[in-house]
Amino acid sequence: MAGFSAPAVWRGRTHRYRLVAGKCTSCGKLHYPPSYSCPYCGSRSMVEAELPRVGRLMSYSVVYSVPFDSKSRAPVILGLVDLGVARVISEITDASPEDVSVGMQVEAVFRRIAEDGGTGLIVYGIKFRPVKGA
Amino acid sequence: MPQQRPETATGIHGWGVYIPRFRIKMEDIAREWGWSDSQWKALAMIEKAIAGPDEDSTTMGLEAAANAMKRAGVDPGDVGAVFFGTESKPYAVKPSATIIAEALGVTPVTMASDLEFACRAASEGLRASLGLVASGMVKYAIIIGSDTAQANPGDVLEFTASSGAAAYVVGPSPGSAAVFEGSYSYVTDTPDFWRREGTPYPRHGEGFTGEPAYFAHIIGAARGLMNTLGLKPSDFKYAVFHQPNGRFPLKVGEMLGFKPEQLKAGIVTPLIGNTYNASALIGLARILDNAAPGDRILVAPFGSGAGSDAYSIIVTDAVEEKRNKAPKVDELVSKKIMINYSTYAKFRHMIRVVRE
């Protein structure tokens with residue numbers, strides 16, 4: 001995980017910090033993370049739009065074999081979250097595998113996503129957690 | 001010297017708290033290190049809150065600040081200062097305040113800085129903000145106190161050092177939920193608690209942290225404030241102090257002449273631990289969650305090294321419509337996931353893992 005690119009981390013900060021999606025001005029659809037062209041119609045006419053912060057867990061995978069810097073969080077739960085206007089792939093945090101189920105309500109939270117070893121950059125951004133935690 | 005005058009133009013527009021969900025019981029810590037149960041019972045502790053492995057003072061501070069902004073209902077573009085008080089910075093050099101300001105949409109035209117004064121840094125940010133707002137230099141300021149407090153494993157400090165955050169949006173008094181009536185600072189060079197550059201855990205002067213540090217400075221600030229404003233303890237509905245454990249805030253309140261019923265509403269440390277820069281500010285938030293218009297509150301954070309600020313705050317009618325716009329302290333305290341000592345040690349990076 002060593003050698004994060006500072007410009008790449010910097011460029012992604014807005015969509016990671018604020019859950020900002022790309023909105024196509026041609027077909028009106030949203031996608032996350034934002035890209036330069038619409039994945040649905042190919043248009044390059046895009047604007048930014050903040051996504052809702054509460055959604056439903058559509059599906060998830062439990063990952064037991066994780067990178068070194070994720071070991072303290074293992075097993076890592078990766079979820080597909082339906083926010084109504086868009087779907088987001090995100091880590092599900094503050095939960096064990098037995099706490100999650102398809103259809104459960106989840107909400108966006110700001111967390112450490114990755115870190116470049118002990119001396120490099122810390123990457124912050126959105127994860128999702130169960131709305132009812134305990 | 002009157003110190004209260006500029007603050008009368010300022011008030012609290014939003015307050016917000018974040019408490020991580022993970023908790024460990026005092027019995028688990030005592031059992032691990034061979035402490036007698038009388039040790040933590042003397043501190044009036046029950047459980048403490050622990051940040052998860054993907055949390056730090058920045059992430060917790062942002063969640064508290066976002067909750068404060070929900071209650072404030074102000075345009076992020078009108079915020080002119082973001083002050084972040086912590087003694088557990090994720091970066092030794094690189095501000096957390098800019099990360100939080102960016103995530104809140106406050107950047108780029110704003111002041112933003114991390115402040116350090118042990119547990120009192122956020123309070124210094126609050127006092128500075130009162131001056132900035134009262135002078136008209138900024139319209140709104142966000143003050144955040146957030147810590148993932150460190151304690152050497154096996155040290156008595158481990159019973160209380162916990163994780164949590166509180167944030168306040170301060171602005172002009174019209175429309176605010178509580179108006180500042182006055183404030184008073186009291187600082188000296190007192191070596192009661194410190195952490196040297198590059199070392200992971202703080203050291204402390206054992207009994208020296210009490211009388212010449214915590215008690216002397218809070219009493220100095222609170223008495224100075226009351227003398228300046230011509231107020232006495234019975235003029236306040238509530239008083240809340242820094243809470244290094246469950247016992248000290250009751251004792252200092254009693255020494256100042258407050259009754260237990262004025263103090264209990266603001267005491268949260270027995271259930272979540274000492275959240276350092278957020279300690280007194282979470283206590284104040286719990287009072288605002290329940291206070292009635294017209295209530296007068298004395299709040300006095302404390303930081304080792306040492307210093308205390310005392311504030312007199314009067315609650316307004318606006319508190320009623322703001323309090324339900326973000327999670328209340330009691331809701332956050334009750335949302336908990338119990339963990340054992342080994343999970344706590346892993347989450348707080350106390351287990352050394354070697355990269356292969």
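Is Arg13(A) buried, partly exposed or exposed? Arg13(A) is partly exposed, at a relative accessible area of 21%. The model is predicted. In it, chain B and chain A bury about 2,400 Å² between them, and nine salt bridges cross their interface.

**Interface of chain B and chain A**
- The contact involves 28 residues of chain A and 26 residues of chain B.
- Arg21(B), Asp54(B) and Arg355(B) lose the most area to chain A within chain B, together 28% of what that side buries.
- Carbon and sulfur atoms give 53% of the area buried between the two chains.
- Between chain B and chain A, 15 residue pairs are in polar contact, both residues at pLDDT 80 or more.
- On the side of chain B that touches chain A, the elements giving two or more residues are α3, α4 (96–104) and α13 (341–347).
- Helix α3(B) supplies the largest share of that side, four residues.
- That side of chain B consists of twelve nonpolar, ten charged and four polar residues.

**Salt bridges between the chains**
- Over all chains, the rule gives 26 salt bridges.
- Glu102(B) and Arg13(A) pair through their side chains at 3.4 Å, N to O. Because Glu102(B) lies in helix α4 of chain B and Arg13(A) in helix α2 (residues 13–18) of chain A, the pair joins two chains. Glu102(B) counts as buried, at 14% relative accessibility.
- Arg111(A) and Asp54(B) form a salt bridge at 3.0 Å, N to O. Arg111(A) sits in strand β7 (residues 105–115) of chain A and Asp54(B) in the loop between β3 (47–50) and α3 of chain B, so this pair joins two chains. Arg111(A) is buried at 0% relative accessible area, and Asp54(B) is buried at 1%.
- Arg129(A) and Glu63(B) form a salt bridge at 2.6 Å, N to O. The pair joins two chains because Arg129(A) lies in strand β8 (residues 122–130) of chain A and Glu63(B) in helix α3 of chain B. Arg129(A) is buried at 8% relative accessible area, and Glu63(B) counts as buried at 15%.
- A network of salt bridges links Arg73(A), Glu91(A), Asp94(A), Arg111(A), Lys127(A), Asp54(B) and Glu55(B).

**Helix α3 of chain B**
- Of the 16 residues of α3(B), 14 are buried, so the helix is largely enclosed by the rest of the structure.
- The end C-alpha atoms of α3(B) (residues 57–72) are 22 Å apart, in agreement with the 22 Å expected at 1.5 Å a residue.
- Asp56(B) caps the N-terminal end of α3(B), with a side-chain oxygen 2.9 Å from the backbone nitrogen of Thr58(B).
- Gly73(B), just after α3(B), has a positive phi of about 65 degrees.

Definitions and conventions:
Residues numbered from 1 in each chain as written. Chains lettered and ligands numbered in written order. Predicted model: local features only at pLDDT ≥ 70, side-chain atom pairs only at ≥ 80, totals over all residues. Heavy atoms only, no water. Expected span 1.5 Å × (residues − 1). Buried < 20%, exposed > 50% of the residue type's maximum accessible area, 1.4 Å probe, protein only. Polar contact = N/O pair within 3.5 Å; in protein donor to acceptor, adjacent residues only side chain to side chain. Contact = heavy atoms within 4.5 Å. Buried area = accessible area lost by both parts, 1.4 Å probe. Salt bridge = Lys/Arg side-chain N within 4 Å of Asp/Glu carboxyl O. Nonpolar A, V, L, I, M, F, W, Y, C, P; charged D, E, K, R; others polar.
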